[in-house]
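Me: Please take a close look at one aromatic part of this protein, and then set it beside other local features of the fold. I would like the cut-offs behind each term.

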Amino acid sequence: MATIKLVLMFSICRLILTVGLTLDPTEVFSAGIDGQLISVDPLHLETASIDFGGMKRVDPLAVFNPTSAEDIARLVQTAYQSAHGFTVSARGHGHSINGQAQTTNGVVVQMSGTRLRSAEPRVSKKLMYVDVWGGELWIDVLKSTLEYGLAPKSWTDYLYLSVGGTLSNAGVSGQAFNHGPQISNVHELEVVTGKGELLTCSEEQNSELFHAVLGGLGQFGIITRARIALETAPQRVRWIRVLYSDFSAFTKDQEYLISLEGRPESQKFDYVEGFVIVDEGLINNWRSSFFSPNNPVKISSVSANGGVLYCLEITKNFDQSNAHLIDQQVDDLLEKLKYIPASVFTTDLPYVDFLDRVHKAELKLRSKGLWDVPHPWLNLFVPKSRIDEFDKGVFKGILGNKTSGPILIYPMNKNKWEEKTSAVTPNEEVFYLVALLRSVVNNGEETQSLEYLSNQNHQILKFCNEVGINVKQYLPHYTSQQEWMDHFEDKWSLFYQRKMEYDPRHILANGQRIFKPTFNSKTGSW
């Protein structure tokens with residue numbers, strides 16, 4: 001052990017000399033932190049320096065591979081008590097877009113892929129919850145709960161994300177209109193605060209911390225355990241897609257469907273999403289390939305208003321016991337909608353296959369070398385009252401007829417979001433998620449380059465600002481504290497107070513660029 005410590009201290013000292021940090025490495029070891037958990041392996045540092053966005057590289061001082069929540073608490077406590085200080089950022093599966101889980105001159109805690117002591121998901125069938133490690137991927141949570149015939153209520157479209165990562169933002173998908181985001185389906189958390197305290201929190205215990213952490217962008221603590229609400233898992237899903245050429249009809253139908261959330265299960269859909277199709281040619285990209293290859297459909301063959309089509313995506317869950325009722329239930333719901341006749345595509349599939357649908361697309365993209373590319377994504381919450389104006393200015397305006405990736409659009413009910421959390425949404429009872437999930441493709445076309453797509457994102461934000469559409473960024477990215485203050489608006493004061501309470505030295509989640517560390521560290525010009 002002495003040899004390992006010596007080698008690690010030497011490696012860290014070399015890094016300290018390189019970056020100019022004044023951390024004394026003996027502080028790490030005097031705190032009782034196992035040296036074998038700290039890695040300065042170039043491969044580990046390389047992995048922690050990049051993310052799914054692929055647009056920012058930030059080299060950490062070291063990577064920390066915990067075996068327990070206590071390990072993380074000791075690390076953060078060391079940073080908090082250190083005379084010189086260092087930053088700590090939790091990294092799940094690395095799906096941040098703008099370096100949010102990265103840190104300069106600090107330590108990245110690798111939450112996902114780490115083998116922990118007694119970290120297997122623990123399901124309570126009686127109380128309908130599952131306790132999971134913060135770095136657990138949602139796909140593994142699903143597999144564990146399905147063994148008991150149960151599943152979480154609210155999802156994200158992609159399941160290879162960490163529990164702590166989505167709960168630090170919100171976690172949204174087509175179930176959110178009914179069950180709320182993932183942060184509305186948590187009973188309890190275990191959190192390491194910026195002081196190195198390991199605390200359990202819930203609505204009844206340490207409630208201020210509980211609400212702060214949910215949607216808190218990692219600013220108040222590292223989630224080491226979450227207790228997630230469960231429901232009985234359905235066996236199968238009826239997956240339906242229909243087309244619209246009229247945006248007003250499309251949004252009215254979406255809003256009608258989410259207004260049914262209080263009705264019995266037989267009288268509503270279980271999932272409501274949608275997407276925009278602005279590309280010319282076949283409607284067959286990875287997110288919208290719902291027409292048979294033997295019967296291709298072109299936008300030009302449909303009377304599209306402004307060259308844009310809209311697809312409503314809905315599902316109905318069922319089991320073998322009520323399969324004989326599914327056709328009538330779906331027909332009753334569809335007959336009230338005003339989609340293009342003969343544009344209905346329907347398929348039945350196992351519940352788990354529907355939830356894991358994006359991963360299948362990922363494997364196809366990986367095989368073509370199109371997954372590990374820059375992803376200049378832009379996710380916005382748009383008020384219902386301004387969604388028509390957004391359509392005209394963005395979908396039929398700024399975007400032209402090229403997207404370089406799917407564009408999701410679907411409404412949510414604000415009453416399903418707990419106002420006490422740190423998450424920020426528009427101040428209207430219904431608001432839309434608009435997710436421009438574009439990828440850079442190096443095929444020589446300017447419209448699919450990183451510069452072009454990034455500039456287009458700026459144009460969209462500028463347009464919203466100029467016409468007064470008060471959008472809120474989801475998975476937000478800003479470069480100044482004033483922009484963050486504008487983002488949080490009247491929630492900023494509470495957000496700031498919570499930061500001072502739970503992370504007064506600004507140690508955690510430095511990559512969000514909300515607060516500068518209070519100690520002397522080279523954190524860049526922001």
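Reply: The account below starts with the whole chain, turns to the aromatic part, and then moves to other places in the fold.

The model is predicted, with local features requiring pLDDT of at least 70 and side-chain atom pairs counting only at pLDDT 80 or more, whereas totals for chains, interfaces and linings use all residues. Residues are numbered from 1 along each chain as its sequence is written, and side-chain values rest on heavy atoms, without hydrogens or water.

The protein contains 16 helices and 18 strands; these are DSSP runs numbered from the N terminus, helices being H or I of at least four residues and strands E of at least two. Of its 526 residues, 59% are buried, where buried means under 20% relative accessible area, exposed over 50%, and partly exposed in between, with a 1.4 Å probe and protein chains only. Among contacts with a separation of 6 or more, 73% join residues 24 or more positions apart, a contact being heavy atoms within 4.5 Å.

The aromatic part comes next. Rings of Phe, Tyr and Trp (its six-membered ring) pair if their centres lie within 6.5 Å; planes under 30 degrees apart are stacked, over 60 edge-to-face, and the rest tilted. By this rule there are 27 aromatic pairs. One of them joins Trp492 and Phe495, which are stacked at 6.0 Å centre to centre with 25° between the planes. These two residues are 3 apart in helix H16 (residues 492-502), and are therefore separated by about one helical turn. An α-helix has 3.6 residues a turn, so residues three or four places apart point the same way. Both Trp492 and Phe495 are buried. They belong to one aromatic cluster that also includes Phe220, Tyr478, Trp484, Phe488, Tyr496 and Phe515.

Helix H16 also holds Met500, which counts as partly exposed because its relative accessibility is 29%. Met500 lies 9.7 Å from Gly194, C-alpha to C-alpha, although 306 residues separate the two in sequence. In the segment after H16 lies Arg513, a residue other than glycine with a positive phi of about 60°. Most residues other than glycine have a negative phi. Arg513 counts as buried because its relative accessibility is 18%. Leu475, in the loop between strand S18 (472-474) and helix H15 (481-488), likewise has a positive phi, near 55°; at 30% relative accessibility, Leu475 is partly exposed.

Rings elsewhere carry charges over their faces, a charge being counted if NZ of Lys or CZ of Arg is within 6 Å of the ring centre and within 35 degrees of the ring normal. Arg227 lies over Tyr129 at 4.1 Å from the ring centre, and Arg357 lies over Phe354 at 4.2 Å. Arg357 is among the buried residues of helix H12 (residues 357-367), whose cover includes strand S11 (236-244), strand S12 (271-277) and helix H11 (351-355).

Finally, helix H13 (residues 387-398) packs against helix H14 (residues 450-467) at about 150°, with axes 11 Å apart. Axes are lines fitted to C-alpha atoms, for helices over the stretch in contact, and angles run from 0 to 180 degrees between N-to-C directions. H13 and H14 are therefore roughly antiparallel, the label for angles over 145 degrees, with under 35 being roughly parallel, 65 to 115 roughly perpendicular and the rest oblique. Among the residues that meet across this packing are Phe390 and Val394 in H13, and Ile460 and Phe463 in H14.
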